[in-house]
Amino acid sequence: MERLADIKVKLEPSVRITAENKCGYCTNSYCCTYVTEELATPRSKLDYEHMLWQVSHEGVEVYKDDEGWWLMISGRCTHLQKDGSCGIYEVRPQICRDHSNDYCEFDAPVENDYDLHFPDYQTLLEYCKKRFKRWERG
């Protein structure tokens, strides 16, 4: 999935982007192309084995940031219109209403916020082998 690459903005020099007008300049609506769920902090090999299973699926990644561990699933919202607007804006779910764009994907790539990022099985497996001196799987 492309991150910030699809955001194409042509601004007049006098335009000032604010939280109130920012969404109107974002052409790829990246915040509406994935969902995240918080994960319990993995501690055991079994926890990491479970994460290996998760990242073995297309569009599933795991990352750690300063707030904790997260499962990220790529998937465009079915209500996202071709122009990037929300097709159910007036009745959108509360989680959408609560989403703040004070600092979002428009401002900087999401990848800048990761402490650890596992986009696939191999990346996580390499981490597991370093983290556990005896990473033996049977």
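**Exercise 1. Determine how H1 and H3 are oriented relative to each other in this predicted model.**

Solution. The result to be justified is that H1 and H3 are roughly antiparallel to each other. As a starting point, two packed helices are described by the angle between their axes and the distance between the axes. In this model, the axes of H1 and H3 come within 9 Å and cross at roughly 165°. Angles over 145 degrees count as roughly antiparallel, so the crossing angle leads to that description. The handedness of the crossing is then added to the account, and for H1 and H3 it is left-handed. Finally, the residues that make the contact can be listed: H1 contributes Tyr48, Met51, Leu52 and Val55, while H3 contributes Tyr121, Leu124, Leu125, Tyr127, Cys128 and Arg131.

**Exercise 2. Identify which residues have the most contacts inside the largest nonpolar core, and which elements supply it.**

Solution. The largest nonpolar core has 15 residues, and those with the most contacts inside it are Tyr48, Met51, Val62, Trp69, Leu124 and Trp135. Turning to the elements, H1, S2, S3 and helix H3 (121-131) each supply at least two residues of this core, and H1 gives the most, with four residues. Apart from this core lies another one, of six residues, which includes Tyr30, Tyr63, Trp70 and Tyr114.

**Exercise 3. Establish whether strand S2 is enclosed or open, and with which strands it pairs.**

Solution. Strand S2 covers residues 60-65, and five of its six residues are buried, so the strand is largely enclosed by the rest of the structure. The pairing with strand S3 (residues 68-74) is antiparallel and runs over six bridges, with valine 60 standing opposite isoleucine 73 in S3. The connection between S2 and S3 is a hairpin that passes through two residues. The pairing of S2 with strand S4 (residues 116-118) is likewise antiparallel, over three bridges, and here lysine 64 stands opposite leucine 116 in S4.

**Exercise 4. Place aspartate 47 in the structure, and classify it as buried, partly exposed or exposed.**

Solution. Aspartate 47 is found in helix H1, which spans residues 45-55. The relative accessible area of aspartate 47 is 32%; because buried means under 20% and exposed means over 50%, a value in between is classed as partly exposed. For the surroundings, the neighbours within four places in sequence are left aside, after which aspartate 47 is in contact with Thr41 and Pro42.

Conventions
Residues are numbered from 1 along each chain as its sequence is written. This is a predicted model: local features need pLDDT of at least 70, side-chain atom pairs count only at pLDDT 80 or more; totals for chains, interfaces and linings use all residues. Side-chain values use heavy atoms; hydrogens and water are left out. Buried means under 20% relative accessible area, exposed over 50%, partly exposed in between (1.4 Å probe, protein chains only). Contact means heavy atoms within 4.5 Å. Two strands pair if DSSP finds at least two bridges between them. A nonpolar core is a set of buried Ala, Val, Leu, Ile, Met, Phe, Trp, Tyr and Cys residues joined through side-chain atoms within 4.5 Å. Axes are lines fitted to C-alpha atoms, for helices over the stretch in contact, and angles run from 0 to 180 degrees between N-to-C directions. Angles under 35 degrees count as roughly parallel, over 145 as roughly antiparallel, 65 to 115 as roughly perpendicular and the rest as oblique. A crossing is left-handed if the near helix is turned anticlockwise from the far one by less than a right angle, and right-handed if clockwise.
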